[in-house]
Amino acid sequence: MLNDNVGSGGGVGGGNRNGAAPPSSTASPMDASNCDLNGHTVANSNSSSSSSNNNATASNNGNNPTESDTGAGNNNGLTTNGEAGGGGGGGSGGSRPSPAHRTVKLDRTNQDIVRLIGQHLKDIGLERSAEMLMAESGCCLEHPAATKFRAHVLSGDWNKADHDLQELQSMVDMRADRACMNEMKFLLLEQKYLEYLEEGRPIDALHVLRNELTPLQHKTPRVHQLSSYMMCTNNQELYARAGWEGKGPKSRTRLMDRLQSYLPATVMLPPRRLRSLLVQAVELQNERCQCHDMTWSTSIDSVSLLVDHNCGADGFPLQALQVLNDHSDEVWFCKFSPDGRRLATGSKDNSVIVWEVDPVKLLLRNKRSFEGHTYGVSYIAWSPDSKHFIACGPDDCPDLWIWDVEQEKLVTKFSHSTDDSLTCAAFNRDGTRFVTGGTRGQFYLVDLDGILHDNWEGVRVNGLSFLSDNKTVLAADTHYRIRGYSFDNPRTDYGIVQEQCPIMTFSVNSADRLALLNISSQGLHLWDLQDKCLVRRFQGVTQGNYTIYSCFGGVNESFVASGSEDNKVYIWHIRQEEPLATLIGHTRTVNCVSWNPVYPSLLASASDDGTVRIWGPQQPHTQWSPNGAPVNTLQHPQVLHANGSAGAAADSASISSTGSANSTASSSTSSSSGAPGGSGGSGHPPNAGGGGGPGAGASIEVLSTSSWNIT
């Protein structure tokens with residue numbers, strides 16, 4: 001506490017203003033006579049004489065007695081028990097005992113904290129500060145025997161270090177740690193042996209090898225390896241073969257860190273223990289941060305330790321920025337290109353529209369239309385270079401189209417048989433070939449010219465993915481499973497995922513490690529493809545027997561998004577089952593979502609209501625009320641009509657800080673002559689809301705309260 005009662009003396013009552021260590025006549029808190037195994041100083045009968053001696057020598061520290069009127073040895077005027085700092089000049093008035101011998105009542109937790117701080121101070125070179133902390137707190141940083149052991153190891157006095165190790169042996173539970181003591185002795189002798197070799201003392205090194213290392217009967221293969229170092233012709237060869245830095249502070253400090261980890265913490269703290277605890281705290285905060293997906297590393301060296309880590313939702317795609325309604329019927333699919341500069345949307349109206357992304361304004365413009373798909377477009381696959389895309393149709397479509405985006409022309413139309421069903425496709429990683437297939441019982445390996453190179457018979461697939469090895473294809477089939485198929489020689493296939501219900505769609509992250517599966521009647525599942533296990537079942541989404549596509553998103557693909565039959569878009573953090581956010585605005589089933597891989601603030605969603613919504617970050621001019629609720633000043637999303645004019649619309653998003661989704665009460669109504677109506681289309685599974693898409697040239701303006709609900 002702050003010492004407000006200053007003594008009237010003109011000198012320092014005890015200690016050194018400049019932070020010097022206590023005089024040598026003062027009993028150190030590290031002495032064996034006053035330190036127990038728990039790191040706390042016990043009473044010492046010599047405290048009175050030592051206190052007097054300390055006060056008597058205060059004037060020899062080079063300080064002007066008239067510069068300070070404080071009676072304590074602490075320059076900051078702090079005391080540990082609130083006593084006034086009395087005392088006259090020099091060594092006269094000692095109404096208060098010396099800090100080195102004043103017993104401070106600390107519980108076990110505070111003792112541990114003091115020891116951790118003291119160790120960290122020594123690690124960063126503040127030796128005197130650490131000694132003063134130990135003196136004032138009455139704690140011991142480590143047992144005196146451990147201190148001697150450290151000094152002898154760092155100085156290379158191996159005989160004394162071995163003697164110290166025998167002394168420490170009595171403080172270790174030998175039933176549990178006998179192997180640890182053998183390992184410590186082995187490490188000491190190994191360093192000793194290597195230093196003898198470096199110094200050109202082969203006879204002494206051979207003596208250590210034969211008479212000290214071998215009798216331990218510990219790590220015999222390593223002993224044989226050490227013996228081979230006798231044949232090294234020079235020190236450089238020794239360093240290379242042993243993976244050793246050579247004799248000196250660096251290798252000995254590394255050795256001490258290894259030795260330190262084998263001793264009980266009551267005897268000697270593990271190396272850099274405070275830093276290790278802080279690293280764990282930062283990692284735990286990262287895991288609990290709902291919006292955590294940073295472009296920079298959130299390590300202990302790059303974040304502030306003064307406040308808890310918490311990523312805001314500023315750049316999160318939670319607000320509808322645009323409503324694209326250029327399609328004249330249900331929109332079945334949407335996909336951003338790998339370079340993030342284009343968005344392709346496929347519709348029941350037999351067209352694909354490709355939009356250009358403005359990464360500065362986060363808007364889409366300059367559309368291009370690709371017509372002539374007889375059965376509608378239910379799936380789109382981009383080439384890795386973003387120059388081509390494949391358009392596939394629904395179950396009864398035997399054809400696929402390969403388009404050149406920049407030249408806006410059809411490259412080829414592939415069809416192997418009129419009985420085929422080509423409903424999905426996937427490019428390999430170099431973009432030279434792709435696989436395509438459907439539920440009629442086969443999938444094909446084809447190049448961009450439409451030349452068939454290979455095929456796999458007897459597999460009814462409803463989803464495909466090409467792995468980064470350019471040989472293995474993952475295929476979801478009608479037996480509720482995902483299997484791997486290798487076109488290498490010889491061809492092999494193997495099981496990876498087995499579900500209990502049909503797998504409607506699946507997607508794989510960029511590392512080929514995780515897969516998102518939309519499961520009929522069960523929702524969204526996350527699988528680990530390497531460990532072949534179910535990791536998580538995401539909650540909230542409504543998934544029946546309709547084809548709904550999900551995706552990974554964010555800078556590090558730490559988020560998951562999916563459409564839903566309840567007309568909403570759901571977003572989760574990959575480590576949480578409950579939704580992080582719910583995006584409201586569509587009026588019918590959301591068939592597909594796509595997260596921009598380069599500009600993670602953009603998310604697209606396609607719906608049976610005939611619109612594509614572009615979700616982006618909250619607009620800068622949004623105001624917040626004092627109670628944390630938003631004021632309704634959010635910018636309305638831009639609605640692009642078929643004739644190029646713009647209308648007004650507003651959507652709402654709900655984000656929960658507790659991990660559960662909370663939908664805002666917003667009424668979404670149609671205010672256009674082209675409102676959905678009629679019966680569902682035949683090319684795509686029926687949607688939950690019923691009704692067909694809007695008429696040609698129609699626009700949808702969704703009206704809502706345009707509010708956020710952050711709970």
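**A helix pair, two open sheets and some individual residues**

In this predicted model, helix α4 (residues 144–155) and helix α5 (residues 158–169) have axes that come within 8 Å and cross at roughly 155 degrees. Since angles over 145 degrees count as roughly antiparallel, that makes α4 roughly antiparallel to α5. The crossing of the two helices is left-handed. On the α4 side, the contact is made by Ala145, Ala146, Lys148, Phe149, His152 and Val153. Helix α5 brings in Trp158, Lys160, Ala161, Asp164, Leu165, Glu167 and Leu168. Sorted by type, the residues of this contact come out as eight nonpolar, one polar and four charged.

Zooming out for a moment, the chain has 711 residues, and buried ones make up 52% of them. Its secondary structure comes to eleven helices and 32 strands. Of the contacts with a sequence separation of 6 or more, 56% are between residues 24 or more positions apart.

Two of the sheets are worth walking through. The one that comes earlier in this account is an open sheet of four strands, in the order β10-β11-β12-β13, with antiparallel pairing. Its edge strands are β10 (424–427) and β13 (452–457), each of which pairs on one side only. Neighbouring strands of this sheet are turned against each other by 20 degrees on average, if direction is ignored. In the middle of the order, strand β11 (residues 433–437) and strand β12 (residues 442–447) are held in antiparallel pairing over five bridges. To pick out one position, Phe434 has Val446 of β12 as its bridge partner.

The other sheet is also open and has four strands, here in the order β14-β15-β16-β17, again with antiparallel pairing. Strands β14 (461–466) and β17 (492–498) stand at the edges with a single partner strand each, so one side of each is left without a neighbour in the sheet. The twist from one strand to the next averages 25 degrees.

Strand β14 deserves a closer look. Although it is an edge strand, β14 is mostly covered, with five of its six residues buried. Five bridges join β14 to strand β15 (residues 472–477), and the two run antiparallel. Among the partners across this pairing, Phe466 is matched with Val473 of β15, while Leu464 is matched with Ala475 of β15. Together β14 and β15 form a hairpin with five residues between them. In the turn of that hairpin, Asn470 has a positive phi of about 65 degrees.

Positive phi values turn up in other loops too. Asp512 is not a glycine, yet its phi is positive, at about 60 degrees. This residue lies in the loop between β18 (503–508) and β19 (514–519). Despite its place in a loop, Asp512 is buried, with a relative accessible area of 16%. Glu557 tells a related story: it is not a glycine either, and its phi is positive, at about 55 degrees. The loop that holds Glu557 runs between β22 (550–553) and β23 (559–562). Unlike Asp512, which is buried, Glu557 counts as partly exposed at 23% relative accessibility.

Finally, there is His573, which sits in strand β24 (residues 568–573). This histidine is buried, with a relative accessible area of 1%. Leaving out residues up to four places away in sequence, His573 touches Cys289, Gln290, His292, Phe538, Ser558, Phe559 and Leu580. His573 also offers an example of how sequence and space can diverge: Glu287 is 286 residues away along the chain, but the C-alpha atoms of the two residues are 10.0 Å apart.

Notes:
Residues numbered from 1 in each chain as written. Predicted model: local features only at pLDDT ≥ 70, side-chain atom pairs only at ≥ 80, totals over all residues. Heavy atoms only, no water. Axes fitted to C-alpha atoms, helices over the stretch in contact; angles between N-to-C directions. Parallel < 35°, antiparallel > 145°, perpendicular 65-115°, else oblique. Left-handed = near helix turned anticlockwise from the far one by under 90°. Contact = heavy atoms within 4.5 Å. Nonpolar A, V, L, I, M, F, W, Y, C, P; charged D, E, K, R; others polar. Pairing = 2+ DSSP bridges. Buried < 20%, exposed > 50% of the residue type's maximum accessible area, 1.4 Å probe, protein only.
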